[in-house]
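Please look over the sequence and the model shown below, and keep both in view while you read. The paragraphs that follow lead from one part of the chain to another.

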Amino acid sequence: MPTTTDDLRLAADFAPATYDDWRKLVDGVLKGAPFEKLVGKTYDGLKIDPLYPRAQDATPIAGRAAAAPWQIMQRIDHPDAAKANKQALDDLANGATGLTLVFEGANGARGFGLPATQDSIATLLEGVYLDAGIAVELQVGPQARMAAIYLAEHIKAAGTDPATCEIRFGLDPIGACAVWGCSAYNWWEIAPAFTDAIKKLTDAGFKGPFAVADGRVIHDAGGSEVQELAYVLAVAVSYLRALEDANVPLDAARSMIYARLSADADQFLTLAKFRALRLLWARVEESCGLQPKPLFIAGETAWRMLTQRDPYVNMLRNTVATFAAGLGGANSIAVLPHTAALGLPDAFARRAARNTQLVLLEESNLDKVSDPAAGSGGIEALTKQLCDAAWTLFQEIEKTGGAFFALGENLLQPKVAATRAARQAAIAKRRDVLTGASEFPNLHEARAAVLKVKPVEAQPYGKDKIKFNPLAPIRLATPFEALRDKSDHLLARKGARPKVFLASLGTPADFTARAGFAKSFFETGGIEAIDTEGFADPAALAGAYTASGAPLVCLCSSDKVYATAAIDAAKALHAAGAKHIYLAGRPGEQEAGYREAGVTDFIFAGADALAMLIDAYRRLE
């Protein structure tokens with residue numbers, strides 16, 4: 001008789017493990033240190049425990065239909081409509097199930113975008129059959145406000161039934177105001193035009209949704225998950241309220257609205273964020289006396305996590321982000337190509353973005369299980385914390401009169417700015433790592449190819465009658481990339497990068513760890529490290545330093561070797577002309593002696609690497 005897994009009672013020989021048993025073992029390892037050292041915190045201050053029990057009585061959150069794949073959206077943003085058409089047809093022929101049409105001036109256009117003209121839309125859609133199950137999403141701003149109308153007119157002229165087209169029109173007037181920090185009109189002037197456009201599209205036979213609450217506004221600006229969720233909820237409610245004021249029944253109005261969230265490389269927070277939004281919107285629906293229906297949530301991989309340096313790592317970031325958004329229940333996902341931060345992506349980058357999703361769906365079958373995180377203690381706890389904190393902030397926004405007025409009173413902007421500053425500080429200290437940019441750089445990498453299309457800086461629409469603090473987009477790697485650019489300019493002008501001589505003391509066993517740390521530390525800023533094999537004689541060390549021609553020098557070894565050799569080595573280097581000497585490691589009790597011998601700075605994990613690298617360039621100049 002064959003053996004089944006039920007017969008393999010492997011745990012029967014062991015006593016059942018409990019949380020208390022685990023805590024005893026952990027406390028033994030901590031040796032008196034507080035258990036809180038193991039508790040992580042998000043930028044919202046939400047706690048993440050090291051271990052969770054299974055969540056009891058958890059049920060899956062309603063989202064995509066069972067075993068239904070999310071839509072694979074491919075970004076179309078080439079300013080030349082004919083070339084954009086070729087891209088679109090290639091994408092649809094090779095696995096994409098939808099097109100994200102990004103128009104010039106839209107949030108997230110990044111200096112590119114389709115012209116919002118009748119001719120460009122007709123050219124773009126040549127050979128694209130919108131009634132063949134293709135999803136289309138528009139990303140428009142005030143400058144491209146007519147794109148939705150032109151698209152509707154094109155469909156009518158082609159004789160296509162609008163009811164057979166799956167189009168999300170992406171109207172988001174509040175989002176445009178939020179990014180630019182100004183508005184040409186008050187909300188009570190915007191809302192009637194906004195609802196009138198939706199009514200006209202509805203009367204034309206389109207089923208929508210028409211308006212989007214776009215969380216990228218907050219995420220791109222460096223905000224937190226709670227801030228993004230609260231903003232999306234507030235904008236969606238503002239649009240819902242405007243439609244109700246325009247005599248649209250609430251049950252119909254809610255189907256006219258969808259949401260967009262950013263997905264980044266923090267797998268668990270991204271997954272929990274998508275789940276949390278569904279619960280939050282269901283609470284809004286219940287408050288309106290409606291039976292909840294799943295909200296359509298579009299996901300897009302995050303702009304702020306992309307790097308210009310070592311851009312192929314962006315493929316991995318995109319994979320994790322897509323994985324998390326897909327498992328979190330996203331209805332559609334658009335992957336920003338890995339070279340998007342460098343310019344307009346070429347065919348290879350677009351193919352990689354498309355195939356990232358195809359692998360996860362077709363080969364990994366991620367769509368086959370509905371809400372796979374249901375019952376996971378950690379994810380359920382994080383989802384609940386996000387819901388509770390976001391609802392509190394949403395209520396704070398509502399007290400001002402809604403999203404537009406909260407922006408006008410600068411309620412949200414200081415909160416986002418504080419989170420952004422905390423992120424940037426963590427990046428500067430390399431506590432939050434950007435592989436290839438702030439850690440593990442490659443100074444000799446080849447520049448990735450992009451299309452030769454010059455970006456255009458978009459301008460706000462209309463007169464800025466109302467002004468408030470903007471929520472401008474950022475990329476977290478930019479400060480380190482600026483230093484690498486400076487290094488490239490020096491290489492082009494002088495034929496060499498700035499250099500630091502690694503003054504390694506003792507044997508490889510003594511210096512390898514800190515020499516490797518120092519090499520990565522300086523090369524993240526474009527300062528090339530000159531490796532050495534180790535020295536015991538200060539005079540030989542000084543001679544090698546002089547021969548290297550490097551203006552900077554860094555002592556590298558173990559604390560044990562430092563105790564007997566660092567001071568003599570520093571004196572010899574100083575006598576040889578070294579004006580700025582670093583030491584890899586914390587100074588400890590011998591700091592005064594080191595400084596007296598000529599050491600001027602100490603590099604170690606947790607130090608402000610960015611500030612020290614900027615200071616190094618100042619000294620080099």
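In this predicted model, a good place to begin is Ser557, which touches Leu505, Asp510, Phe511, Arg514, Tyr562 and Ala584 when residues up to four places away in sequence are not counted. Ser557 sits in the loop between strand β15 (552-556) and helix α19 (559-575). Is Ser557 buried or exposed? Its relative accessible area is 0%, and because buried means under 20%, Ser557 counts as buried.

It helps to place this residue in the wider chain, for which the domain assignment gives domain 1 (71-429) and domain 2 (497-620). The C-alpha centres of domain 1 and domain 2 lie 48 Å apart.

Helix α21 (609-620) is the next element to find. It has 12 residues and reaches 16 Å from its first C-alpha to its last, close to the 16 Å expected at 1.5 Å a residue. The buried residues of α21 are Ala609, Leu610, Met612, Leu613, Asp615, Ala616 and Tyr617, and among the elements that cover them are α15, α16, α17 (508-523), β15, β16 (581-584) and β17 (599-603).

One of those covering elements, α15, covers residues 412-428 and can be followed in turn. Its 17 residues should span 24 Å at 1.5 Å a residue, and its end C-alpha atoms are 24 Å apart, which agrees with that expectation. Within α15, Leu412, Gln413, Val416, Thr419, Arg423, Ala426, Ile427 and Ala428 are buried. The cover over these residues includes α21, and also α7 (216-220), α8, α13, α14 and α16 (478-494). Just after α15, Arg430 takes a positive phi of about 60°.

From α15 the path leads to helix α13 (residues 377-399), which has 23 residues and reaches 33 Å between its first and last C-alpha atoms, close to the 33 Å expected at 1.5 Å a residue. Which residues of α13 are buried? They are Gly377, Ile379, Glu380, Leu382, Thr383, Leu386, Cys387, Ala390, Trp391, Leu393, Phe394 and Ile397. An α-helix has 3.6 residues a turn, so residues three or four places apart point the same way. What covers the buried residues of α13 includes β2 (47-48), α8, α10 (267-287), α14 (403-408) and α15. Just after α13, Gly401 takes a positive phi of about 115°.

Helix α8 (residues 225-245) holds Glu228, and this residue shows how distant parts of the sequence can be brought together in space: the C-alpha atoms of Glu228 and Ala390, which are 162 residues apart along the chain, are separated by 8.3 Å. Glu228 counts as buried because its relative accessibility is 0%. Leaving aside neighbours within four places in sequence, Glu228 is in contact with Gly215, Arg216, Ile218, His219, Leu261, Ser262 and Lys273. With the last of these, Lys273, the side chain of Glu228 makes a polar contact, side chain to side chain, at 2.7 Å.

Another pair of helices deserves a look, namely α11 (residues 313-327) and α12 (residues 347-363), which pack at an angle of about 35° with their axes 10 Å apart. The contact is made by Met315, Asn318, Thr319, Thr322 and Phe323 on the side of α11, and by Phe348, Ala352, Thr356, Gln357 and Leu360 on the side of α12. The crossing of these two helices, α11 and α12, is right-handed.

Finally, turn to the backbone itself. Most residues other than glycine have a negative phi, and most peptide bonds are trans. Against that background, a cis peptide bond joins Gly208 and Pro209, with omega about 5°, and Pro209 lies in the loop between α6 (187-203) and β8 (211-214). Asp57, a residue other than glycine, has a positive phi near 60°; it is found in the loop between β2 and β3 (71-76). Phe440, also a residue other than glycine, has a positive phi near 50° and is found in the loop between α15 and β12 (466-467). Are Asp57 and Phe440 buried or exposed? Asp57 is exposed, with a relative accessible area of 77%, and Phe440 counts as exposed at 57% relative accessibility.

Key. Residues numbered from 1 in each chain as written. Predicted model: local features only at pLDDT ≥ 70, side-chain atom pairs only at ≥ 80, totals over all residues. Heavy atoms only, no water. Helix = DSSP H or I, 4+ residues; strand = E, 2+ residues; numbered from the N terminus. Buried < 20%, exposed > 50% of the residue type's maximum accessible area, 1.4 Å probe, protein only. Contact = heavy atoms within 4.5 Å. Polar contact = N/O pair within 3.5 Å; in protein donor to acceptor, adjacent residues only side chain to side chain. Domains from an automatic or database assignment. Expected span 1.5 Å × (residues − 1). Axes fitted to C-alpha atoms, helices over the stretch in contact; angles between N-to-C directions. Left-handed = near helix turned anticlockwise from the far one by under 90°.
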